[in-house]
Amino acid sequence: MRDVARSTGKIAYPTRKLSEVNVKGLLLLIISIIIALAVTWLNNVWLSYQEFVSAGNERQIDYYLSDFSLLNTTANGDMKYSIQGQHLVHKNSTGGSEIFQPIIQAADQDGQTLFIRAEKAQQEESQGVIELAGAVLIQKTTRQNKTTDNSIQLDSLDNNTTDFSLKTINLSFDPIKREIFTDAPITLTTKDGLLTGTGLRSQLDQQELRILSNVHAKFDPNP
């Protein structure tokens with residue numbers, strides 16, 4: 001009986017050693033999984049922080065103007081165009097600007113001034129295309145009552161001092177190409193009558209105005 005007991009004890013001893021090894025391996029596996037999950041979580045937190053910082057930089061305001069007027073001139077000092085409005089917000093990271101209640105003045109080839117008004121304008125970069133939106137109104141003057149800074153008094157504009165008035169819901173103005181264009185419906189009013197259509201292209205230096213489609217005209221025989 002003693003021999004059997006000794007023999008039984010010798011057989012059980014390696015089994016305990018094997019169980020201890022399995023437990024240690026399981027613990028190492030669990031610890032490895034926890035570390036991997038922690039690293040993944042920290043990496044996601046870091047990426048989220050980077051995105052937040054990047055988005056914050058894009059929204060960062062560089063400067064803010066109120067009741068402003070900006071003039072862009074040629075090398076000879078002649079006016080290319082001017083912009084005035086209630087507020088201008090300039091973004092530091094993109095160089096873009098957001099303008100509220102903008103009024104753009106641009107002279108055509110004959111020196112007559114084109115006024116473009118809207119509720120809001122967006123320019124993504126300096127000298128980039130200006131996107132105007134909301135109750136866009138274009139007026140072209142026949143008589144020019146200029147102020148000391150060579151701009152025109154807006155209060156002097158009426159039906160007797162404009163060649164035409166054009167209304168649309170959005171418009172793009174390219175200050176480099178000196179072109180205005182839209183794909184939206186337009187209404188053009190002149191002293192001779194009314195013209196409607198869809199889409200507009202106009203080169204200021206060529207005195208060309210094209211309405212792209214759905215053109216309908218109503219003229220007054222006795223203007």
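These legends walk you through several close-up views of one predicted protein model.

**Figure 1. The whole chain, from one helix to eleven strands.** Let's start with the full picture: this predicted model contains one helix and eleven strands. Following the sequence gives the pattern α-β-β-β-β-β-β-β-β-β-β-β, with the helix ahead of the strands. Of the 223 residues in the protein, 30% are buried. The accessible surface adds up to about 14700 Å², and carbon and sulfur atoms account for 55% of that surface. How many of the contacts between residues at least 6 apart in sequence join residues at least 24 apart? The share is 42%.

**Figure 2. A nonpolar patch on the surface, with Leu27 as a guide.** Here you can look for a nonpolar surface patch of about 950 Å². Its members are Leu26, Leu27, Leu29, Ile30, Ile31, Ile33, Ile34, Ile35, Leu37 and Val39. Pick out Leu27, which sits in helix H1, residues 2-59. Is Leu27 buried or partly exposed? Leu27 counts as partly exposed because its relative accessibility is 48%, and the partly exposed class runs between 20% and 50%.

**Figure 3. Asp62 and the residues it meets.** Asp62 belongs to strand S1, which covers residues 61-73. With a relative accessible area of 41%, Asp62 is partly exposed. Which residues does Asp62 touch, leaving aside those up to four places away in sequence? They are His90, Lys91 and Asn92. Now find Gly95: Asp62 and Gly95 are 33 residues apart in sequence, while their C-alpha atoms are 8.7 Å apart in space.

**Figure 4. Two residues with a positive phi, Ala135 and Arg178.** A little background helps here: most residues other than glycine have a negative phi. Ala135 is not a glycine, yet its phi is positive, at about 50°. You will find Ala135 in strand S7, residues 130-141. Arg178 also has a positive phi, near 55°, and is a residue other than glycine. Arg178 lies in the loop between strand S8 (162-174) and strand S9 (179-190). Which of the words "buried" and "exposed" fits each residue? Ala135 is exposed, with a relative accessible area of 53%, whereas Arg178 counts as buried at 13% relative accessibility. The cut-offs behind those words are over 50% for exposed and under 20% for buried.

**Figure 5. The hairpin of strands S10 and S11.** Strand S10 spans residues 193-203, and strand S11 spans residues 208-219. How do S10 and S11 run, parallel or antiparallel? They run antiparallel, and nine bridges join them. To see the pairing up close, find Leu200, which stands opposite Ile211 in S11. Four residues lie between the two strands of this hairpin. In the hairpin, Gln207 takes a positive phi near 50°.

**Figure 6. Where to read the model with care.** The protein averages a pLDDT of 77, and 72% of the residues score at least 70. Residues 1-13 stay under a pLDDT of 50, and the model gives this stretch zero contacts beyond four places in sequence. Residues 145-152 are also below 50, but that stretch has 13 contacts beyond near neighbours in sequence. Where pLDDT is low, the predicted coordinates should not be read in detail.

Key: Residues numbered from 1 in each chain as written. Predicted model: local features only at pLDDT ≥ 70, side-chain atom pairs only at ≥ 80, totals over all residues. Heavy atoms only, no water. Pairing = 2+ DSSP bridges. Buried < 20%, exposed > 50% of the residue type's maximum accessible area, 1.4 Å probe, protein only. Contact = heavy atoms within 4.5 Å. Areas by Shrake-Rupley, 256 points an atom, 1.4 Å probe, with all protein chains shown as cover. Patch = residues over 30% accessible without salt bridge, like charges linked within 9 Å, V, L, I, M, F, W, Y side chains within 5 Å. Salt bridge = Lys/Arg side-chain N within 4 Å of Asp/Glu carboxyl O. pLDDT = per-residue confidence, 0-100.
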